[in-house]
Amino acid sequence: MRVPNSVVLPVGTHVDCCQEQEVAEKTQDIMARITDMLEERKSNLAHFINNLEGSEEPKFYVDQWERLKEMESCTLTILNLVAVNCMDHRDIKKLEATILELVKNEELFPEVVRVLPPVYRQVEAAIVDIARSEAVADHGMMELQYLLSKLSQHKHLAGLGRELLQDILRYLHRIGLVVWYEEIKHLESTVFLQPTFLITMFKLLVRYRLVQQLESIS
C-alpha cells in the first residue's frame, strides 16, 4: 500500500482442505474483503487529510499532509486470486506459470520492455559471484562503499561510480536480487546480497500467535 504502482497477486492455499464449492465461495469472499479494505483505507486517508487542512494551524502539519498525499497517490492493482494446493506439485507449477505470464504483461509492468545498459547486467553478474563466494558471510550484509570497491576490482567495472551503482541497486532491489533500504537512514549504507537471509530472520521474529506463545511460557 506504500509502494507506488504496486501489483498484488493474492494466493489462496490449502485448497486440499476445501470442497470445490467452498473454494469458489472463499475466493469471492477474500476478493470482496480486499476491495472493502482498500475503500476503507482511501476513506481514512481522505479523512486525515481533510482534518489537517481544516486545522487552525495547517502550516504546522505540512510534513504529515505531504506524506498522506503521497500515500493517497499510490495506486494498487489487485489481480484475481489464485487458489493452490501446496501438496500438489502441479499446482505449484501452475502458480509459477501464472506469475511468469503476469510479469510479462506490459500494462501491469511497463518496465518489462525497458532496455538496460550492458553495465547493469555486468554488475548483476558480478554481485551474484560476490554473494556466492566463500569470503561473504551467510547473512550477505555488505557496506555500500565496500561493495563498490569489490565491484571496481572487475576489469570491465573499474570506472563504476557510486551514483551509477545506486541506480543499478535500485533496479536489482525491484527485481528482488538484492535488498537495499535506501530510504531508512540506519540502513542506507548497507546492501543485503542474500535476501533469503532476511526472510529466514523474519520467520523467526514474526510468527503467528507469537504473543500467546510467549505468554504461555512460565
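Okay, let's start with a word I'll use a lot: a residue is buried if its relative accessible area is under 20%, exposed if that area is over 50%, and partly exposed in between. With that in hand, take Glu124, which comes out at 14% and is therefore buried. One thing before I go on: what we have up here is a predicted model.

So, salt bridges. How many does a search of the whole structure find? The answer is seven. I'll walk you through a few of them.

Glu124 is a good place to begin, since we've just met it. Its side chain meets that of Arg121 in a salt bridge, with 2.8 Å from N to O. Both sit in helix α4, which covers residues 118-132, and because they are three residues apart there, about one helical turn separates them. Now, is Arg121 buried or exposed? Arg121 has 52% relative accessibility, so it counts as exposed. So this bridge has a buried acid, Glu124 at 14%, and an exposed base, Arg121.

Next, go to helix α1, residues 20-53. Asp29 and Arg33 are four residues apart in that helix, which means about one helical turn lies between them. Their side chains form a salt bridge as well, 2.8 Å from N to O. As for accessibility, Asp29 is partly exposed at 37%, while Arg33 is exposed at 55%.

The third one is in helix α6, residues 162-174. Arg170 and Asp167 are three residues apart there, about one turn of the helix, and their side chains meet in a salt bridge at 2.6 Å, N to O. Both ends are partly exposed: Arg170 has a relative accessible area of 27%, and Asp167 has 34%. There's a bit extra here, too. Which residues are linked in a network of salt bridges? Asp167 and Arg170 are, together with Glu182.

Stay with helix α6 for a moment, as we move to aromatics. The count of aromatic pairs comes to two. In one of them, the ring centres of Tyr120 and Tyr171 are 5.7 Å apart and the planes are at 65 degrees; over 60 counts as edge-to-face, so that's what this pair is. Where do the two tyrosines lie? Tyr120 is in helix α4 and Tyr171 is in helix α6, 51 residues apart, so the pair links distant parts of the chain. Both tyrosines are buried.

The other pair is Tyr181 with Phe192. Here the centres are 6.2 Å apart and the planes are at 70 degrees, so this pair is edge-to-face too. Tyr181 is in the loop between α6 and β6, Phe192 is in strand β6 (190-192), and so the contact ties together parts 11 residues apart in sequence. Tyr181 is partly exposed at 23%, whereas Phe192 is buried, with a relative accessible area of 5%.

Now cysteines, because somebody always asks about disulfides. How many does a search of the whole structure find? Zero. Take Cys18: the nearest cysteine sulfur belongs to Cys17 and is 6.2 Å away, and a disulfide needs the sulfurs within 2.5 Å, so Cys18 is in none. Cys86 is in no disulfide either, with the sulfur of Cys17 again the nearest, at 9.8 Å. Both of these cysteines are partly exposed, Cys18 at 24% and Cys86 at 44%.

On to the surface. Which residues form a nonpolar patch there? Met201, Phe202, Leu204, Leu205 and Val206 do, and together they have about 520 Å² of accessible area. One of them, Leu205, is in helix α7, residues 195-205. Leu205 counts as exposed, at 55% relative accessibility.

One more leucine to finish. Leu76 is in strand β3, residues 76-78, and is partly exposed, with a relative accessible area of 26%. Leu76 and Leu38 are 38 residues apart along the chain, and their C-alpha atoms are separated by 8.8 Å.

To recap for your notes: seven salt bridges, two aromatic pairs and zero disulfides.

Technical notes. Residues are numbered from 1 along each chain as its sequence is written. This is a predicted model: local features need pLDDT of at least 70, side-chain atom pairs count only at pLDDT 80 or more; totals for chains, interfaces and linings use all residues. Side-chain values use heavy atoms; hydrogens and water are left out. A salt bridge is a side-chain nitrogen of Lys or Arg within 4 Å of a carboxyl oxygen of Asp or Glu. Buried means under 20% relative accessible area, exposed over 50%, partly exposed in between (1.4 Å probe, protein chains only). Patches are made of residues with over 30% relative accessible area and no salt bridge: like charges are joined within 9 Å, nonpolar side chains (Val, Leu, Ile, Met, Phe, Trp, Tyr) within 5 Å. Accessible areas come from the Shrake-Rupley method with a 1.4 Å probe; for residues, only the protein chains shown count as cover. Rings of Phe, Tyr and Trp (its six-membered ring) pair if their centres lie within 6.5 Å; planes under 30 degrees apart count as stacked, over 60 as edge-to-face and the rest as tilted.
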